[in-house]
Amino acid sequence: MATVSLQEPGLVVGLFLGAPLLLFLYILYYAISLHTTSVEGVRVPRGNFWLLPLLGESISALTVPPKQFIDRQTRKYGAMFTTHIGGDPMIMTTDVDLTRWVYQQTNRLFSVLSPKATYELLGHESIFYAKGDHHLRLRKVFAGYLSTQKLVPFTPRIDKMAASIMESWKRKERVIVFDEAKMYAIHLALAQLISIDTQEYPCMDHIFAHVPGENRLEKLVYLHYDIESGMMSVPLNIPGTAYHKANKAKILFRKALKVIINERRTGDVKCNDLLEGLLSPLEDGTLLDDEQVMDNVITGVGAAEVTTTTALVWMVKWIQENPELHRELQNEMDAIKKTKANGEELTYDDIKKMNLTLWTMYETLRLRKVTGFFIARTADQDVRYKDVVIPKNWVVAMTHGYHLDPNYYPEPEKFNPYRFQTMPPAHTFTPFGASVRLCPGKEMAKIEILTFMYHMLTSFSWEPAEPEGETIWHLFPHPRNKLPIKVTPRT
Ligand code: HEM
């Protein structure tokens with residue numbers, strides 16, 4: 001048998017010269033194939049288009065805060081630039097018009113894109129990935145069960161939850177806002193979506209006997225944390241990885257959901273929750289199977305929880321940094337409290353009176369994108385936009401830069417809730433997305449956030465418990481120290 005020895009000088013020289021040549025040819029082929037589209041004579045947007053296919057600009061984009069990277073590239077190339085992050089060629093944009101157009105063309109020219117791990121953990125039948133008429137029918141269920149009409153009777157349960165959290169703060173001096181907001185948001189999601197707070201599901205308890213937590217609710221919360229932690233991870237299902245842990249939690253969470261679904265399908269329990277809607281025939285008379293129902297419950301809980309938590313954390317932080325605003329918000333809430341008897345619940349009509357608090361929520365959502373680094377779509381075909389082309393399979397990443405356009409937001413970096421006294425044009429302010437993918441939970445988010453702030457502002461004064469820490473941008477942006485505060489009950 002012929003053997004090859006590296007001691008042969010010709011082979012060493014061949015390898016030495018051949019390997020870089022092959023790499024160069026591969027990169028050249030890759031670069032040409034990326035720029036080749038069916039739209040003649042139109043270019044892709046400008047940008048620092050690093051040629052290395054896998055690495056691209058990942059290092060320079062992911063090692064600085066996203067805003068810094070986006071600002072730098074926007075200064076160089078404009079509000080629409082090409083880059084290459086995490087293995088995907090993409091067009092990143094801060095442009096108001098392009099963002100509006102991509103939202104409008106979603107489900108026609110573009111599809112929703114999320115990381116592979118998120119796709120696997122939420123499930124392929126999630127509303128996020130549904131298309132065409134099926135997506136619209138699912139939307140109707142979500143929108144119907146999260147409508148103002150359904151939420152008005154739910155408001156006292158939200159109020160009760162916020163009040164009980166604040167009651168527990170009276171026994172603490174120091175509170176970690178991130179943890180408290182998370183617990184609040186996830187409890188409410190499980191209550192509104194599957195009535196976990198009002199129904200007994202005894203046959204579920206053996207499933208997660210070994211999961212930490214005092215009660216069923218806490219165990220579900222614990223499992224959900226694990227699922228969420230895997231969503232942006234590398235999808236490697238081997239022990240020790242976040243993705244593996246998330247998958248184990250997902251199996252248990254789904255087993256528990258299956259019990260609830262069986263009880264609902266076979267029993268005569270009727271609840272006024274999203275699950276009820278998902279188990280009823282859709283508009284065209286079809287019924288979702290158990291897998292489809294579970295994927296959408298998990299999606300709903302995830303969509304409701306991380307966003308609301310992130311919004312609350314930044315809102316509390318920015319209120320504490322603006323003492324005058326803090327005082328005015330207290331005045332607004334105190335005036336509402338004065339109209340209530342001791343222990344009387346907050347109503348939806350009270351919430352409608354919280355104008356300044358609502359503007360503060362809007363300003364928070366303008367300045368902090370609580371749905372992650374960007375919202376992404378992929379082009380389903382070569383798509384022409386003005387004088388550029390977005391090639392098929394490329395990603396369009398809509399960053400929150402368009403919320404900072406000085407044409408619509410003078411001094412855009414300044415935290416100024418009063419700017420919302422006059423609402424900006426709708427397409428320049430889209431924290432809840434737009435068009436066919438507009439968030440169906442936006443009213444629920446509003447009620448939850450304003451109710452939490454009502455109780456916090458009327459019950460406590462607070463100040464930072466630690467000097468300002470750095471921000472973690474990975475997943476959903478939050479202060480690394482999770483925002484510890486010192487609370488003092490108000491008399
Ligand atoms: C501050 C809180 C929230 C923010 C900022 C927010 C933001 C968003 C955004 C931007 C989208 C569109 C994503 C895209 O275009 O790809 C979205 C979709 C969605 N949100 Fe929210 N959301 C919040 C709270 C909630 C809540 C409380 C729920 C309740 C279940 C919810 C359920 C959903 C669902 C189901 C979708 C998918 C809609 C579809 O694909 O048709 N969200 N949300």
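Two residues are taken to be in contact here if their C-beta atoms, placed from the backbone, lie within 7 Å. With that cut-off, in this predicted model, F253, R254, L257, K258 and I261 of helix α11 meet D290, V293, M294, V297 and I298 of α13. Sorted by class, this contact of α11 with α13 holds 7 nonpolar and 3 charged residues, with no polar ones. The axes of α11 (residues 242-266) and α13 come within 10 Å and cross at roughly 115°, and the crossing of α11 past α13 is right-handed.

Helix α13 also takes part in the surroundings of the ligand. In total, 26 residues surround the ligand, and the closest are T307, G433, C439, G441 and A445. Helices α6 (132-145), α13 (290-320) and α17 (442-459) each supply at least two residues of this shell, and the largest share, 7 residues, comes from α13. The shell around the ligand is made up of 17 nonpolar, 7 polar and 2 charged residues. Both domains have a hand in it, as at least three residues of the shell are drawn from each of domain 1 and domain 2.

Turning to these domains, the protein is divided into domain 1, spanning 39-123 + 371-430, and domain 2, spanning 126-198 + 271-368 + 433-491. Their C-alpha centres lie 27 Å apart, and the contact between them takes 26 residues from domain 1 and 32 residues from domain 2. On the side of domain 1 that touches domain 2, α4 (96-105) and α5 (116-122) each supply at least two residues. Helix α4 gives the most to this side, with 3 residues. The residues on this side of domain 1 comprise 13 nonpolar, 11 polar and 2 charged.

Next come the sheets. One open sheet is formed by 5 strands in the order β1-β2-β8-β5-β3, with mixed pairing. Strands β1 (80-85) and β3 (110-112) stand at its edges, each with a single partner strand, so one side of each has no neighbour in the sheet. From one strand to the next, the twist averages 35°. Within this sheet, β5 (residues 374-379) and β8 (residues 395-399) run antiparallel and are joined by 5 bridges; F374 has T399 of β8 as its bridge partner.

Two helices accompany these strands. Helix α3 (residues 66-77) lies across β1, β2 (88-93) and β8, and runs at about 130° to β1. Helix α4, met above at the domain contact, packs on the sheet and touches β1, β2, β3, β5 and β8. The direction of α4 makes about 125° with that of β8.

A second open sheet has 3 strands in the order β4-β12-β9, with antiparallel pairing. Its edge strands are β4 (174-176) and β9 (460-464), each of which pairs on one side only. Here the twist averages 40° from one strand to the next. Strand β4 pairs with β12 (residues 484-489) in the antiparallel sense over 3 bridges, and V175 stands opposite I485 in β12.

Terms used:
Residues numbered from 1 in each chain as written. Predicted model: local features only at pLDDT ≥ 70, side-chain atom pairs only at ≥ 80, totals over all residues. Domains from an automatic or database assignment. Helix = DSSP H or I, 4+ residues; strand = E, 2+ residues; numbered from the N terminus. Nonpolar A, V, L, I, M, F, W, Y, C, P; charged D, E, K, R; others polar. Near = placed C-beta within 6 Å. Axes fitted to C-alpha atoms, helices over the stretch in contact; angles between N-to-C directions. Left-handed = near helix turned anticlockwise from the far one by under 90°. Pairing = 2+ DSSP bridges.
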